[in-house]
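Colleague: I am new to this structure and should be grateful for a close look at a single part of it. Please describe how two of the domains meet, and what lies around the ligands there.

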Amino acid sequence: MAGGFEAIKNAGLRSWLEEVQRLCRPEGVYVCDGSEEEYARICRTCVDHGTFTRLNETLRPNCFLARSHPSDVARVEDRTFICTPEQIEAGPTNNWAESGEMKRKMTAMFDGCMKGRIMYVIPFSMGPIGSPFSKTGVEVTDSAYVVANMIIMTRVGTKVLEALGDDGSFIPCLHSVGAPLGLGQEDVAWPCERDPVKKFIVHFPDEPSIWSYGSGYGGNALLGKKCLALRIASAMARKEGWLAEHMLILALTSPQGKKYYIAGAFPSACGKTNLAMMRPTLPGWKVTTIGDDIAWMRIGPDGRLYAMNPETGFFGVAPGTSYDSNPNAMETFTANSIFTNAALTDEGDIWWEDMGIPAPAHAIDWEGADWTPDAGRKAAHPNSRFTAPARQCPVIDPDWENPAGVPLSAVLFGGRRAGTVPLVYEAFDWEHGVFMGSAAGSETTAANLSKTGVLRHDPFAMLPFCGYNMGDYFAHWLSMAERTDESRLPRIFFVNWFRKGEDGHFLWPGYGENSRVLKWISERIEGRGQAVKTPIGNLPSAEALDLTGLDIPAADLQALLTVDREAWQAEAAELARYYEQFGDRLPEALRRQLAALQERLGGR
Ligand code: GTP
Ligand code: SPV
Ligand code: MN
């Protein structure tokens, strides 16, 4: 569909698009229909502009490599805002600006920002089109790269407009790379705003709407993902009585054929994709994938908590992905995928660090420069990513598109913790589990443009993604126990695959070996697994974990499965300090939980 917006029947959408067109002043407009022919055409446009390099058609059919500008390689949490009338609604963990003031500022920035570019209109659905649990967004963007990625990551096109009908409501998502072209000015391969303080990822949860300016990368620009499906959706979910979470969803099948659905919240680049499509090392066990990044969860008619994946693709961390660590991911992006900021080999394939393939003697690195193994720098950016269709995953679960979702037996929280936090422990009950989620912390990763390896609080792995006051978010989680019979809710566990020894080696082998932990979790669900009650929760004893065939030093195992009281006393004291910022928005129940933990730990 080219030309104007005459064919759009939804009057609200048409008038918004006309308004945006007047403001942004693009050279032309294009409304996405979602056809295969269209995807091919958009990719060709990206190739023509130099944004995409087509990969070797034999090695990697219908695949493309994109290199971003070095200033635009990850999410920008410092430049991400939740705008409400009052700051208290955004809470102490979000950047805030008053809605009206920010709207004026953004309007000035968007004025003429698409000059010389095409304004693409992407009608998209998070969740199956037409499902009562799905949300419709319309992203307007001046980036063809964004269009190609959105087509993989969400359900896009005419079908969405049809479901929207004449008067259906949608979430307006306005995006610009912030690089208008002057008359005759030549374009660059990756246009974006290069000044970091001129990037703005802005959310108006009350409207709701999203305005994103200056970045073309990942969660900053693919607005269905973090902006809509987490920040805006979490605020909607609170009002509507459900949960929008930064979680993977998997199905674990035992050798006896019993299936358990498990969701897990780990911060960015902390193992969701890996766990979601893990190949268990324990014989007879099977994992199938429902989602790797986002879970929308609601209580079903039977009182259980159901989780659905609103996305249709994986935007996964590339470095470290290998046939050893994640063979199912490797099989997912063999074709029809986009790679961003990976290295390009002389054969026209992609490569990254720890891909399990020896470094090529020569490659083009993510910045487009010649690279050899002795270059002294990485060939792929640490936050380089693959965009791949979920349906291509060899272990995709048959229920991955079930609009009702799958009933959860367990919820995991976790993070990247070199010290203190054991391999796995179980909450005493729902309230204690919510407390555990609120207490989560993790060492920062390259998924955000900031210092990596710094330990920070990251409650529920939602620190960068909660669209309202985190104190209210804790209360909302607690309230789930009042919305159903608590015994119907999933059991809550905390896991840590990232514990390190003094010499810096990982104590736990991780990846497929994490199936041993999942097996214990399934046994706990069945009421069989043995556990030791400790001040922080129920831990497996070394005998309770199936360690058959695993060669792990006794001292390492000991460190993984014991509670270091002193370290935990310090952890609790730090949590008390962290909690202070929430003031009276911190639920009393969490204060009680913290006091009870400190009591159990003693030494106060
Ligand atoms: P986002 O897409 O950013 O939300 O992240 P994600 O949670 O899906 O991250 P992903 O699964 O891609 O995590 C990738 C990083 O975690 C890589 O550095 C992996 O090596 C590391 N990782 C994943 N699982 C394990 C594990 O079991 N053990 C260890 N040591 N590292 C792991
Ligand atoms: C994350 O950072 O948690 C991601 C990648 O999943 S992005 O979509 O860029 O946010
Ligand atoms: Mn994520």
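Modeller: The account below begins with the domains, then turns to their contact and to the ligands, and ends with some local features of the chain.

The model is a predicted one. Its protein chain is divided into three parts: domain 1 covers 11-31 + 72-240, domain 2 covers 244-309 + 400-601, and domain 3 covers 314-389. Domain 1 and domain 2 have C-alpha centres that lie 32 Å apart. Their contact draws on 33 residues from domain 1 and 32 residues from domain 2.

The size of an interface is often expressed as the accessible area that is lost when the parts come together. Between domain 1 and domain 2 the buried area is about 3,000 Å², and carbon and sulfur atoms give 56% of that area. Polar groups also take part: 16 residue pairs are in polar contact across the interface of domain 1 and domain 2, both residues of each pair being at pLDDT 80 or more.

On the side of domain 1 that touches domain 2, α3 (87-90) and α8 (224-240) each supply at least two residues. The largest share of that side comes from α8, with 11 residues. By residue class, the side of domain 1 that touches domain 2 holds 17 nonpolar, seven polar and nine charged residues.

Side chains of opposite charge can pair when their charged atoms come close. Across the interface of domain 1 and domain 2 there are six salt bridges. K225 and D293 also form a salt bridge through their side chains, at 3.0 Å from N to O.

K225 and D293 lead on to the ligands, since both are among the residues around ligand 2. The other residues around ligand 2 are R75, G218, G219, K226, H246, S268, F315, R385, A447 and F465. Several of these side chains place a polar atom beside an oxygen atom of ligand 2. For S268 the distance is 2.5 Å, for K226 it is 2.8 Å, and for H246, through an N or O atom of the side chain, it is 3.3 Å.

Ligand 1 has 20 residues around it, of which A269, K272, T273, R385 and Y511 come nearest. R385 is also listed around ligand 2. The side chain of T273 has an N or O atom 2.8 Å from an oxygen atom of ligand 1, while for D293 the corresponding distance is 3.0 Å. H246 has a side-chain N or O atom 3.3 Å from an oxygen atom of ligand 1, in addition to its approach to an oxygen atom of ligand 2 at 3.3 Å.

Some features elsewhere in the chain complete the picture. The total count of salt bridges comes to 30. One of them joins R60 and D349, with the closest N and O atoms 2.8 Å apart. R60 lies in the loop between β2 (52-54) and β3 (64-66) and D349 in the loop between β20 (343-345) and β21 (350-351), so this pair ties together parts that are 289 residues apart in sequence.

Most residues other than glycine have a negative phi, and most peptide bonds are trans. The bond between E207 and P208 is cis, with omega about -15°, and P208 sits in the loop between β10 (200-204) and β11 (209-213). N336, which is not a glycine, has a positive phi of about 55°; N336 belongs to the loop between α10 (327-332) and β19 (338-340).

How values were computed:
Residues are numbered from 1 along each chain as its sequence is written. Chains are lettered from A and ligands numbered from 1 in the order in which they are written. This is a predicted model: local features need pLDDT of at least 70, side-chain atom pairs count only at pLDDT 80 or more; totals for chains, interfaces and linings use all residues. Side-chain values use heavy atoms; hydrogens and water are left out. Domain bounds come from an automatic or database domain assignment. Contact means heavy atoms within 4.5 Å. Buried area is the accessible area (1.4 Å probe) that two parts lose on being put together, summed over both. A salt bridge is a side-chain nitrogen of Lys or Arg within 4 Å of a carboxyl oxygen of Asp or Glu. A polar contact is a pair of N or O atoms within 3.5 Å; within protein, one must be able to donate a hydrogen and the other to accept it, and residues adjacent in sequence count only if both atoms are side-chain atoms. Helices (H or I, at least four residues) and strands (E, at least two) are DSSP runs, numbered from the N terminus. Ala, Val, Leu, Ile, Met, Phe, Trp, Tyr, Cys and Pro count as nonpolar, Asp, Glu, Lys and Arg as charged, and the others, Gly among them, as polar. A residue is near a molecule or strand if one of its heavy atoms lies within 4 Å of it.
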